[in-house]
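Student: Could you take me on a close look at one part of this predicted model, and then show me how other parts are put together? I work at the bench, so plain words would suit me well.

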Amino acid sequence: MSFPCNILLSLLLNHAAAGMLSAQQLTLWEPRPAAQWEEALPVGNGRLGAMVFGGPADEKLQLNEHTVWTGEPRDYAHPGAHKHLAEIRRLLWAGRQKEAEALAQENFMSVPLRQMDYQPLGDLLLRFAGIDQGKVTGYRRALDLDSAVASVEFDHKGVRHRREVFASYPDQAIFVRLTAGGKGNLHCAVLFQSPHEQHTLEVSGDGLTLRGRVSGGAIRFEARLSARLQGGKARAEGASLVIEGADSVTLKLVAATNFVNYRDVSADPAARNAATVSKLGSKTYENLRQDHIADHQRLFRRVRLELPNSAAAQRETSRRIREFAAGHDPSLVALVFQYGRYLLIASSREGGQPANLQGLWNALKTPPWGSKYTVNINTEMNYWPAEVTNLPETHAALFGALREVAASGASTARQHYNAGGWVLHHNFDLWRGTAPINHANHGIWPTGGAWLCRHLWEHYLYGGDTAFLRSTAYPLMKGAAQFFVDTLVATPDGKWLVTGPSNSPENGGLVMAPAMDRQIVRELFANTIAAAEVLNTDPQFRDRLQSLSARLAPDRIGRHGQLQEWLEDADDPGNTHRHVSHLYALYPGAAITPATPELFRAARQSLVFRGDGATGWSMGWKVNLWARLL
């Protein structure tokens, strides 16, 4: 049995979690509103998300619903692509990389070439009458990780204002609670905005409705808000719901689209919202809040990490981060660790989409990398904490997507490789595109699905659920393995079996036989054999995988003492590329360990050559690699 993150295991894990840490230790807070999106506080229930900005006079909640995407159902496979496969391989073996890339770009890429983008739903704006920003005192904007409730508090002209925001998984809605000490002190206008050109706004006496469609695509959406007042009154005025003289207000926001699955967009978002509202019934705010907190804490409180407090723990979070390198603030480490668990719970729940490149939260119509699922490292990194920090339920959304990806990937396997099983290249989207995208020099990488199969196997290893192994994990693992049974090719000298065309993400262009592929396929075959043995099934297939594994090209040590990234000894010691793909067997894999001392030293040398500087996710990977290197 392997484990995904020994740096975390060395720190904790108390699954009983008797008594939680103090609220101060589990709270992110700031003494000012968010000036930009990245500073806002995220809440989510796996399906609906909001970023809370916290302006005293002008509050903004940027909203997301997990299936608001561009595009429509389609098969991304390139018909007849497999007819060019042999020639692409011949060119690569002959050292004619640019010609191979040109041929692949023309005949082997996804149709269309790019996948679709995750989209924002819109904004909920609250404009408070009579609040002068310059006269606000005692301001605090906070996110309590233990309760998953965001709050904003401040004093204005002797009145204490408080807002609470949370996204409830049990009730599938976002709730906003407004209070202002005493009676009749709440005066605000509530309105929706949407970045989508095709949208309409409807205002009634106690609520708002936003309806729209993503331009050029199939997704239709509806967001519906209702206000429950204590005291005061509400009225429609233009595009706003105006609230006057209320003691307190509870806003209930639901949202839905017509998306059923990656092939079906026949649902009625209005009917879905009506059903959600009906289920809410007349539950009080206190009951809604209690149910939300109980659901969240059922997951969150399983793991506790205690590190010493210092004076720095009393400071606002942004300052703690700025001063961390120069100061002594160990409890910030515990806070960031628990924030990671919080974000995974908030962005990945059963029945929803998996956590994408930005989890659940996105304000842009053209987000970086489409805010898709990049599976040559990023999607997997999102889920590295799932089992080791006792959040196995968060894996359910990913596994649901994998079942669909495998169906789509079977078409790509046939059209691009004339092969059985299923394949996923380095990205997928809401429509489960699995064909190689963007450019041949980095998009043709057939081991994305095989890497994700590691998550299936680890879920079984941690939980021991044989029914899950039989119904879900093993069929997907077997299909991924079957693809490589059909597509592995011999090296020109006939000595080894390798993958190709492929690349070493995202470095070096189109090649045959990158080290990462061999490491992933070897691991996939071993895990599939082990799963079949647990289930006492497919003995002939097990034998076939065993014989092919024995012929896979081994990891090699190059002339610089490095672990070779390719079959050839072509590594550049000065290359500081952000990907460290050829170190997969060190982490998250477990084939390179102190028990393989020569490869262990070579992997360390490769990591030294790559250097510490990189993008954030790359440094996160390197932290785990260094931990594996002890």
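Tutor: Strand 12 and strand 13 form a hairpin, with six residues between them. In that turn sits Gly216, which has a positive phi of about 70°. Keep in mind that this is a predicted model. The two strands of the hairpin, strand 12 and strand 13 (residues 220-230), run antiparallel and are paired over seven bridges. If you would like one pair to look for on your screen, take Thr209, whose bridge partner in strand 13 is Arg224.

Now turn to the other neighbour of strand 12. Strand 11 (residues 198-203) is joined to strand 12 by six bridges, and these two strands are antiparallel as well. They also form a hairpin, here with three residues between the strands. Val203 is a handy marker for this pairing, as its bridge partner in strand 12 is Leu208. So how enclosed is strand 12 by the rest of the structure? Of the seven residues in strand 12 (residues 207-213), five are buried, and therefore the strand is largely enclosed by the rest of the structure.

From the strands, let's move to a helix. Helix 8 (residues 378-388) has 11 residues, nine of which are buried, and it is mostly covered. Among the buried residues are Met381, Tyr383, Trp384 and Val388, and the list also includes Glu380 and Glu387. Just after the helix comes Asn390, which has a positive phi of about 60°.

Next, a residue that is worth some time: Arg47. You will find Arg47 in the loop between strand 2 and strand 3 (48-52). Its relative accessible area is 15%, and because buried means under 20%, Arg47 counts as buried. What does its side chain reach? A polar contact of 3.3 Å links the side chain of Arg47 to that of Glu65. A polar atom of the Arg47 side chain also lies 2.8 Å from the backbone oxygen of Ala255. Setting aside neighbours within four places in sequence, Arg47 is in contact with Asn64, Glu65, His66, Gln172, Ala255, Ala256 and Leu360.

Arg47 also leads us to a pocket. The second largest pocket holds about 460 Å³ of space. Its lining has 27 residues, and those nearest the centre are Arg47, His66, Gln172, Arg272 and Gly351. Two of these names, His66 and Gln172, appear among the contacts of Arg47 too. Strand 16 (248-257), helix 4 (269-280) and helix 9 (395-417) each give at least two residues to this lining. Helix 4 gives the most, with five residues. By type, the lining of this pocket is made up of 10 nonpolar, 10 polar and seven charged residues.

There is enclosed space to look at as well. Rolling a probe the size of a water molecule over the atoms shows where empty space is left. The count comes to five cavities of 30 Å³ or more, and the largest cavity has a volume of about 100 Å³. Among the 13 residues lining that largest cavity, Gly44, Ala148, Ala167, His292 and His296 are the closest to its centre. Strand 2 (41-44), helix 5 (285-300) and helix 7 (330-347) each contribute at least two residues to the lining. Seven of the lining residues are nonpolar, four are polar and two are charged.

Let's finish with two residues further along the chain. Asn507 is in strand 22 (residues 507-511) and is buried, at 10% relative accessibility. Its side chain makes a polar contact of 3.3 Å with the side chain of Glu565. Beyond its neighbours within four places in sequence, Asn507 is in contact with Glu565, Trp566, Asn575, His577 and Arg610.

Gly558 is placed in the loop between helix 14 (539-551) and helix 15 (597-610). Gly558 is buried too, with a relative accessibility of 12%. Leaving out neighbours within four places in sequence, its contacts are Gln564 and Asp569. For a sense of the spacing here, Gly558 and Glu568 are 10 residues apart in sequence, and their C-alpha atoms are 8.6 Å apart in space.

Note on methods:
Residues numbered from 1 in each chain as written. Predicted model: local features only at pLDDT ≥ 70, side-chain atom pairs only at ≥ 80, totals over all residues. Heavy atoms only, no water. Buried < 20%, exposed > 50% of the residue type's maximum accessible area, 1.4 Å probe, protein only. Helix = DSSP H or I, 4+ residues; strand = E, 2+ residues; numbered from the N terminus. Pairing = 2+ DSSP bridges. 1 Å grid on protein atoms, 1.4 Å probe; cavity = no way out; pocket = protein on both sides within 12 Å on 5 of 7 lines; lining within 4 Å. Points joined across faces, edges and corners; volume = space filled by probe spheres on them. Nonpolar A, V, L, I, M, F, W, Y, C, P; charged D, E, K, R; others polar. Contact = heavy atoms within 4.5 Å. Polar contact = N/O pair within 3.5 Å; in protein donor to acceptor, adjacent residues only side chain to side chain.
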